[in-house]
Amino acid sequence: MDLAGYSKTPLIKKLGIIASQKILLINEPDNYFDLIEKDISKLLCANNEKPDFIHLFVSIKKEFEKQMKGIAGIIHF
């Protein structure tokens, strides 16, 4: 499956995800790993870890605001 699009750059590279990061996924789609064409499950944060990269999926502004308040509690902008 070629999801890189017209630029031929893989989505994981477009997002800037690298192997040394701890990643927090919030509301990710069931096919997330298929979309980025890589299994990054070993990079996912444990509950007590501070993420280097947060990938948040929402469809409405109210949900975005709610999630951002929760994120602000675990990291400092």
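How many bridges join strand 1 to strand 2, and do the two run parallel or antiparallel? Keep that in mind while we get oriented.

**Before you start.** This is a predicted model, in which local features need pLDDT of at least 70 and side-chain atom pairs count only at pLDDT 80 or more, while totals for chains, interfaces and linings use all residues. Residues are numbered from 1 along each chain as its sequence is written, and side-chain values use heavy atoms, with hydrogens and water left out.

**The whole chain.** Show everything as a cartoon. You will find three helices and two strands, arranged along the sequence as α-β-α-β-α. Helices (H or I, at least four residues) and strands (E, at least two) are DSSP runs, numbered from the N terminus. Of the 77 residues, 23% are buried; buried means under 20% relative accessible area, exposed over 50%, and partly exposed in between (1.4 Å probe, protein chains only).

**The two strands.** Select strand 1 (23-26) and strand 2 (53-56). Here is the reply to the opening question: the strands run parallel and four bridges join them. Two strands pair if DSSP finds at least two bridges between them. Click on L25, and you can look across to its bridge partner in strand 2, H55. Now turn strand 2 around: F53 and H55 sit on its covered face, with I54 and L56 on the uncovered one. In a regular strand the side chains alternate between the two faces of the sheet.

**The core.** Next, select I12, I17, I23, L25, Y32, I36, I40, L43 and F53, the nine residues of the largest nonpolar core. Strand 1 and helix 2 each supply at least two residues of this core. Such a core is a set of buried Ala, Val, Leu, Ile, Met, Phe, Trp, Tyr and Cys residues joined through side-chain atoms within 4.5 Å. Pick out I17: leaving aside neighbours within four places in sequence, I17 is in contact (heavy atoms within 4.5 Å) with I12, I23, Y32, I40, L43 and F53.

**The aromatic rings.** Y32 also belongs to another group, so keep Y32 selected and add F33 and F57, because these three form one aromatic cluster. Rings of Phe, Tyr and Trp (its six-membered ring) pair if their centres lie within 6.5 Å; planes under 30 degrees apart count as stacked, over 60 as edge-to-face and the rest as tilted. The count comes to two aromatic pairs. In Y32 and F33 the ring centres are 5.9 Å apart and the planes stand at 70°, so the pair is edge-to-face. Y32 and F57 have centres 5.8 Å apart and planes at 85°, so this pair is edge-to-face too. It links distant parts of the chain, 25 residues apart: Y32 is in helix 2 (residues 32-36), F57 in the loop between strand 2 and helix 3 (61-72). Try colouring by accessibility: Y32 is buried at 3%, whereas F33 is partly exposed at 30% and F57 is partly exposed at 26%.

**A last stop: Q21.** Finally, select Q21, in the loop between helix 1 (11-15) and strand 1. Is Q21 buried or exposed? With a relative accessible area of 14%, Q21 is buried. Its side chain reaches the backbone nitrogen of I18 at 2.9 Å. Beyond its neighbours within four places in sequence, Q21 is in contact with G16, L43, D52 and F53.

Notes. Polar contact = N/O pair within 3.5 Å; in protein donor to acceptor, adjacent residues only side chain to side chain.
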